[in-house]
Each structure stands twice: as structure tokens, then as C-alpha cells.
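Reader: I'd like to go through this structure with you before I set anything up. Can we start with the overall picture and then work down to single residues?

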Amino acid sequence: MKRAFSLFLALALLFSLASCSQQEPETSPTGSQSQAASYTGTARGYGGDISVTIEVTDGVITACTIDAPDETPDIGGAQIDHFQTAIVENQGQVDTVSGATGTSNGVIAALQDAMRQAGLLDTAEYKMTPGTYTGQSHGFSCIDFVTVDVTVDESSIVSLSLQDNFVDDQDSYENRYLCTGAFEELEPEILELQSIGVDAVTGATGSSNGIKNAIRSALEQAFAASGYSENEINTAINAMFMTPSSKTDEVVELSCDVVVVGAGAAGTVASLAALDSGASVLNIEKTFRWGGQSMMTGGPKAYSPDTTEEQAQAILDTYEATIANHRHGEEDSQ
């Protein structure tokens with residue numbers, strides 16, 4: 001009896017094991033599965049902000065979309081498709097395009113921002129060799145140069161100085177007045193944000209870009225003095241094109257009797273006439289200067305109707321003396 005019972009148990013166990021072996025195995029978790037993730041970086045281009053969005057799967061860039069609405073359509077804007085393709089094909093290793101340097105630098109800086117977020121780019125902190133470096137670049141003129149002295153410490157821009165070496169005896173050369181005015185607007189913003197990716201000054205776009213590119217040239221020298229390769233230098237400097245948004249929703253209320261939009265010749269005369277009549281005046285001008293094109297296309301102008309002949313002659317004498325100093329140097333004015 002015991003032998004029969006033991007045989008029964010053995011057969012039952014055998015059938016049970018056979019039954020288990022025919023069941024489908026349970027699917028066990030395999031850990032994290034491959035999933036695409038999107039990362040967007042933003043930087044300043046030639047005409048405005050450029051956004052680069054990359055899709056990354058298993059550490060590989062599988063797609064790229066670039067939004068650059070403010071770039072010149074036939075120049076920088078025409079290179080957007082090229083960059084979108086090259087970024088995927090070369091996995092983020094792209095070069096600037098000749099003739100579209102501003103757009104190229106903005107695209108590369110935004111791309112680096114996105115790649116840092118994705119963990120595809122080393123976030124090592126590059127150091128400059130402290131000192132003063134001189135950078136040059138063409139601005140509005142393709143003949144004259146904008147020259148800027150840049151003083152740096154290991155990690156920041158300490159001071160900027162625009163060198164007055166403009167050539168004034170040809171109208172096609174860099175304009176001292178526009179370039180100096182642009183520099184006065186750009187200098188405090190660049191130092192505050194520690195970035196050359198700031199907006200150009202309206203009315204002096206060419207000079208503004210010349211100033212920023214001259215600063216870039218000086219920064220290249222500062223990083224090169226620390227022994228970095230060309231690619232490392234470009235990575236470090238392109239990071240300086242990324243700026244925090246300076247836009248604000250703050251509303252400021254101003255009260256006045258007359259609002260004049262534009263400070264060209266007509267707007268200036270209208271503002272002064274309203275002011276002479278006793279009205280409080282607010283003049284809104286998008287550039288950095290009064291006078292508009294009238295400051296560049298003619299001689300001195302007396303806007304007040306009450307200007308005497310003697311005052312007008314004094315204005316003319318001052319203007320001619322200033323022009324003589326600018327054109328011939330101080331030695332000719334003594």
C-alpha cells in the first residue's frame with residue numbers, strides 16, 4: 001500500500017512539473033526602455049533669439065528643429081536647413097558658415113545649451129588667462145575696424161574700452177559717432193550679463209555687431225592663452241552668447257501733455273515747439289540719438305525759432321572746429 005501511494009505521488013509530481021514547463025514565462029521588467037527625449041536651447045543670433053530643439057535616444061541625436069525667425073532670410077535664414085541636417089548627421093559637431101557668422105554662432109550656442117541639458121556635452125568650466133586683450137572686427141564698414149580692449153579675470157569680463165582709431169576722411173569708413181553711441185549702450189549690458197549675446201543697438205546694427213565680434217576676438221585670445229584647443233575655445237565662447245531674458249511685464253505709467261514718436265528732425269522740432277508753448281513733452285525714440293538722419297546728412301541745425309544770428313554762428317564755428325579735429329587730428333587745430 002505504501003509502495004502504491006509513493007508511486008502515485010511521484011506520478012502526480014511528474015505531471016505537475018510537465019504542466020509548469022508548458023506555461024508561457026512571465027515577462028519580467030527589463031529596466032528603463034529606450035525613449036526619445038527633447039531638449040531645447042536658446043541663444044542670440046544675428047537678428048534675435050535662436051532656439052534649437054534636439055531629440056535624443058540612447059545618447060544619439062535623432063532629430064533637430066531650429067527656430068530662427070529674426071535671421072536675415074537670404075543669409076543666415078537660408079542656412080537653417082543645412083544646420084538641422086548637419087547637427088543630426090555629425091551629432092552636434094558643426095562649423096560656422098562663412099557669410100553667416102552671427103547666425104552660425106547663435107545656432108551653435110543654442111545647440112550646446114540643449115546638449116548640456118541632454119548630458120551630451122561636458123560642462124567643464126573653462127578658465128581664461130587674466131589680462132587685457134585687444135580684439136578687432138569689421139562693423140558697418142568693410143574697410144575700417146572696430147577695436148575693443150577687453151580686460152578679463154579667469155571667469156569673467158572685467159572691463160571694456162573702445163579704442164578711437166576710426167578713419168574719418170572717407171564716408172564709407174566706420175562712423176565714429178554711431179560706433180561710440182552703440183558702445184555706450186552695449187558696454188554696461190555686456191558687463192552686467194557677462195555675455196556678448198545682447199541685442200544690437202537700433203540705428204547702429206553694423207557697429208554693434210562689430211563691437212561684439214571684436215570682444216569675441218579678444219576672448220578667443222584669453223582662452224587660447226590658457227592652452228585650450230580651437231573647439232574648446234568655441235565651446236567656451238559660444239556659451240557666452242546665452243543670456244537670461246531681459247524682458248519684463250512691468251507696466252510704467254507716465255503722464256504728459258504731448259507724446260512725440262521719433263526724434264528725427266521733424267520730431268525734435270515738434271518736441272521743442274510743444275515744450276516752448278508750456279506743454280510737458282515725452283519723446284519716444286527707438287535709437288540712441290536725437291536728430292535721426294539729419295545728424296548724418298548735413299551741417300549744424302538750430303531747432304529753436306528764437307536762435308539769434310550770433311548763436312547760430314557760434315554753433316557753426318563749433319561744428320567746423322569739431323569736424324577739423326576729427327578729420328585732421330589735434331595738431332591741425334592748434
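What follows is a short exchange about the fold, the core, the sheet and the charged residues.

Reader: What kind of model is this?
Author: It is a predicted model.

Reader: How many helices and strands does the protein chain have?
Author: The protein chain has 8 helices and 8 strands.

Reader: And what share of the residues is buried?
Author: Of the 334 residues in the protein chain, 32% are buried. As for contacts with a separation of 6 or more, 52% are between residues 24 or more positions apart.

Reader: Which residues touch the most other members of the largest nonpolar core?
Author: That core has 56 residues, and Val52, Ile54, Ile66, Ile87 and Leu219 touch the most other members.

Reader: Take Ile66. What does Ile66 touch?
Author: Not counting residues up to four places away in sequence, Ile66 touches Ile50, Ser51, Val52, Ile80, Phe83, Gln84, Ile87 and Val107.

Reader: Ile80 is on that list. Where is Ile80 found, and is it buried or exposed?
Author: Ile80 is found in helix 2, residues 80–89. With a relative accessible area of 10%, Ile80 is buried. Apart from neighbours within four places in sequence, Ile80 is in contact with Ile66, Ala68 and Thr103. The C-alpha atoms of Ile80 and Val107 are 8.6 Å apart, with their positions 27 residues apart along the chain.

Reader: Now the strands. How do strand 2 and strand 3 run, and how many bridges join them?
Author: Strand 2 (residues 49–57) and strand 3 (residues 60–67) run antiparallel and are joined by 7 bridges. Thr57 stands opposite Val60 in strand 3. The hairpin of these two strands has 2 residues between the strands, and Asp58 takes a positive phi near 50° there.

Reader: What about the open sheet, in what order are its strands?
Author: The order is 4-5-6, with 3 strands and antiparallel pairing. Strand 4 and strand 6 (157–163) are at the edges with a single partner strand each, so one side of each has no neighbour in the sheet. On average, neighbouring strands of this sheet are turned by 25° against each other, direction ignored.

Reader: How many bridges join strand 5 to strand 6?
Author: There are 6 bridges between strand 5 and strand 6. Val148 stands opposite Leu162 in strand 6.

Reader: Which helices lie across those strands?
Author: Helix 4 (residues 176–193) lies across strand 5 and strand 6, at about 175° to strand 6. Helix 5 lies across strand 4, strand 5 and strand 6, at about 135° to strand 4.

Reader: And what do the buried residues of helix 6 pack against?
Author: They pack against helix 3 (101–117) and helix 5 (205–224). In helix 6 (residues 230–238), the buried residues are Ile233, Thr235, Ala236, Ile237 and Asn238.

Reader: Charges next. How many salt bridges does the structure hold?
Author: The structure holds 4 salt bridges. One of them is between the side chains of Asp199 and Arg44, at 2.7 Å from N to O. Asp199 lies in the loop between helix 4 and helix 5 and Arg44 in strand 1 (residues 37–44), so the pair ties together parts that are 155 residues apart in sequence. Asp199 is partly exposed at 41% relative accessible area, whereas Arg44 counts as buried at 13%.

Reader: Which residues are linked with that pair in a network?
Author: The network of salt bridges links Arg44, Asp49 and Asp199.

Reader: What does Arg176 form a salt bridge with?
Author: Arg176 forms one with Asp164, and the closest N and O atoms are 3.0 Å apart. Arg176 is buried at 15% relative accessible area, while Asp164 counts as exposed at 52%.

Reader: And Glu220 with Arg216, where do both lie?
Author: Both lie in helix 5, 4 residues apart, about one turn of the helix. Their side chains meet in a salt bridge at 3.6 Å, N to O.

Reader: One last residue, Asp144. How far away is the nearest side chain of opposite charge?
Author: That side chain is Arg176, 8.0 Å away, and Asp144 is buried yet has no salt bridge. Asp144 is in the loop between strand 4 (131–137) and strand 5 (146–152). Leaving aside neighbours within four places in sequence, Asp144 is in contact with His138, Asn165, Phe166, Val167, Tyr173 and Glu174.

Notes. Residues are numbered from 1 along each chain as its sequence is written. This is a predicted model: local features need pLDDT of at least 70, side-chain atom pairs count only at pLDDT 80 or more; totals for chains, interfaces and linings use all residues. Side-chain values use heavy atoms; hydrogens and water are left out. Buried means under 20% relative accessible area, exposed over 50%, partly exposed in between (1.4 Å probe, protein chains only). Lys and Arg count as positive and Asp and Glu as negative; His and the chain ends are not counted. Contact means heavy atoms within 4.5 Å. A nonpolar core is a set of buried Ala, Val, Leu, Ile, Met, Phe, Trp, Tyr and Cys residues joined through side-chain atoms within 4.5 Å. Two strands pair if DSSP finds at least two bridges between them. Axes are lines fitted to C-alpha atoms, for helices over the stretch in contact, and angles run from 0 to 180 degrees between N-to-C directions.
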